[in-house]
Amino acid sequence: MSVFQQIFFGEGRPSLNSQSHKRPRMNIYTDRCRRNPPVNKLKDKPILKDLRVSLEDLHTGLTKRIKITKKIESTTHPKKYRMEEKILEIKIRPGWKEGTRVTFESEGNVSQGTVPADLVFVIKEKKHPDFERQGDDLVHKKTISLKQSLIGSQFTVPTIDSDQSLDWRYDDIIKPGFERVYTQKGMRSQKDYNHRGNLIVRFIIQFPDGLTPEQRDALSRILPD
């Protein structure tokens, strides 16, 4: 041992480089986690709500503003809630079909022990008086009399475009199951705004409930066997 070491440290003392003076470093994050372990909150089940939309709106698209009300649990007084109102905007795109879902994440009721549920709106088509939807096609059922089916008539067919209708003159015999198809007159396609489905006019022949003897005689002379 040198004289310098003897004077300042004394004989037999460990040097400054001795490993015995090193202290273990504290991992602050690990220490906190041990005292306050993280809690994995469970997420509430999604809340499903039907959103009824007309065929016209599904054809053109629009933005709907919907007011919701949800419960917010107090952070200082558990089991005590306040009500909160909020406006959600749903942008309905042209061509959307029934069953399309729009999800707003964590917009359900707020409780301290769980993650708020997602709010899911499910598109439902309103029943239409003139059309039945089949994919991008529209079916219009046109009821005509037996007389019209035999001698022909002038027909007016509505379209999904409210400012437009189709006039059609038909002079041939219309048989049961007859259909007339108008291309590009159906619903807009969700994939391609410029593409539209077909409008299918399906004729339903209404037969009379009965005939008088005179009518039977007349028909037997006119109609072939």
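**Exercise 1. Classify Tyr170 by accessibility, then describe its ring contact with Phe178.**

Step 1. Tyr170 has 16% relative accessibility, so Tyr170 counts as buried. The classes are buried under 20% relative accessible area, exposed over 50%, and partly exposed in between (1.4 Å probe, protein chains only). The model is predicted: local features need pLDDT of at least 70, side-chain atom pairs count only at pLDDT 80 or more, and totals for chains, interfaces and linings use all residues. Residues are numbered from 1 along each chain as its sequence is written, and side-chain values use heavy atoms, without hydrogens and water.

Step 2. Phe178, at 24%, is partly exposed.

Step 3. The ring centres of Tyr170 and Phe178 are 5.4 Å apart and the planes stand at 35 degrees, so this pair is tilted. Rings of Phe, Tyr and Trp (its six-membered ring) pair if their centres lie within 6.5 Å; planes under 30 degrees apart are stacked, over 60 edge-to-face, the rest tilted.

**Exercise 2. Place the pair Trp168 and Phe178 in its wider setting.**

Step 1. The whole structure holds 8 aromatic pairs. In one of them, Trp168 and Phe178 have centres 6.5 Å apart and planes at 10 degrees, so they are stacked.

Step 2. Trp168 is buried, at 9%.

Step 3. Ring pairs join Phe155, Trp168, Tyr170, Phe178 and Phe203 into a cluster.

**Exercise 3. Find the charges that sit over the rings of Tyr81 and Tyr193.**

Step 1. Apply the test: NZ of Lys or CZ of Arg within 6 Å of the ring centre and within 35 degrees of the ring normal.

Step 2. Over Tyr81 sits the charged end of Lys71, 4.9 Å from the ring centre.

Step 3. Over Tyr193 sits the charged end of Arg188, at 4.3 Å.
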